[in-house]
Amino acid sequence: LLPFKGLTGEAVGAYWSRTNIPEVDLIGADRAPTAHTVTFAGTVKWLENTPLDGADLNRLVADASQVPGVGATTPLVAVSRTGVSVKTAAVTLGPEDLMEAWS
């Protein structure tokens, strides 16, 4: 499955609690169903006219910090249909990148 755009891992999933706080759209890991190592955390915003912005990334940072295995050096991934307006994510992906990854 990976590496792709510098990301590594054997499994990709999501993480959320029963209350949906925290809610992290993407979690990369070394294995499933229980990871030994989390390799990245990410958010997906698929809005038609609005890029992923700083508030979205700040929410990812806050939520991902509650995921066991995520630390200050865990790469953050921003996936957006209409681009990303901030440059603080380690990796940004758009529709073309997703098509490339699975073609």
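These legends accompany close-up views of a predicted model.

**View 1. Five strands form an open sheet with mixed pairing.**
The strand order is S1-S2-S3-S4-S5. From one strand to the next, the twist averages 25 degrees. Strand S1 (11–16) and strand S5 (91–93) stand at the edges. Each of these two has a single partner strand, so one side of each is left without a neighbour in the sheet. Helix H1 packs on the sheet and touches S2, S3 and S4. The direction of H1 makes about 140 degrees with that of S3.

**View 2. Strand pairing is followed from S1 to S4, bridge by bridge.**
S1 and S2 run antiparallel and are joined by 5 bridges. Gly13 has Ile27 of S2 as its bridge partner. S2 and S3 are also paired in the antiparallel sense, over 4 bridges. Here Leu26 has Gly42 of S3 as its bridge partner. The sense changes between S3 and S4, which run parallel and are joined by 5 bridges. Val44 has Val79 of S4 as its bridge partner. In general, the strands of a sheet pair through backbone hydrogen bonds, either parallel or antiparallel.

**View 3. Strand S3 is largely enclosed by the rest of the structure.**
The reason is burial: 6 of the 8 residues of S3 are buried. Ala41 and Thr43 both belong to this strand. Ala41 has 0% relative accessibility, so Ala41 counts as buried. Thr43 is buried too, with a relative accessible area of 6%. Both values fall under the 20% limit for burial.

**View 4. The largest nonpolar core holds 14 residues.**
Val24, Ile27, Ala41, Leu60 and Ala64 touch the most other members. Four elements give two or more residues to this core: strand S2 (23–29), strand S3 (38–45), H1 and strand S4 (76–80). H1 gives the most, with 3 residues. Ala64 is in contact with Val24, Ala41 and Val70, leaving aside neighbours within four places in sequence. Another core, of 8 residues, lies apart from the largest one. Its members include Leu26, Val77, Val91 and Leu93.

**View 5. Ala41 of strand S3 is shown with its contacts.**
Neighbours within four places in sequence are left aside here. Among the contacts of Ala41 are Val24, Leu26 and Ile27. Leu60 and Ala64 are also in contact with Ala41. So are Thr74, Pro75, Leu76 and Val77. Lys87 gives a sense of distance: Ala41 and Lys87 are 46 residues apart in sequence and 16 Å apart in space, C-alpha to C-alpha.

**View 6. Thr43 of strand S3 makes a side-chain polar contact with Asp25.**
The contact between the two side chains is 3.2 Å. Thr43 also touches Leu52, Leu60, Val77, Ala78 and Val79, leaving aside neighbours within four places in sequence. At a relative accessible area of 6%, Thr43 is buried.

**View 7. Thr74 lies in the loop between H1 and S4.**
Thr74 has 11% relative accessibility and so counts as buried. A polar atom of the Thr74 side chain lies 2.8 Å from the backbone nitrogen of Gly71. Thr74 also touches Val38, Thr39, Phe40, Ala41 and Gly69, not counting residues up to four places away in sequence.

**View 8. Arg59 and Asp63 form a salt bridge within helix H1.**
The structure holds 1 salt bridge. The closest N and O atoms of Arg59 and Asp63 are 3.8 Å apart. That distance is within the 4 Å limit for a salt bridge. Both residues lie in H1 (residues 54–64), 4 residues apart, about one turn of the helix. The two partners differ in burial: Arg59 counts as exposed, at 52% relative accessibility, whereas Asp63 counts as buried, at 6%. In general, side chains of opposite charge can pair when their charged atoms come close.

Methods. Residues numbered from 1 in each chain as written. Predicted model: local features only at pLDDT ≥ 70, side-chain atom pairs only at ≥ 80, totals over all residues. Heavy atoms only, no water. Salt bridge = Lys/Arg side-chain N within 4 Å of Asp/Glu carboxyl O. Buried < 20%, exposed > 50% of the residue type's maximum accessible area, 1.4 Å probe, protein only. Core = buried A, V, L, I, M, F, W, Y, C linked by side-chain atoms within 4.5 Å. Contact = heavy atoms within 4.5 Å. Polar contact = N/O pair within 3.5 Å; in protein donor to acceptor, adjacent residues only side chain to side chain. Pairing = 2+ DSSP bridges. Axes fitted to C-alpha atoms, helices over the stretch in contact; angles between N-to-C directions.
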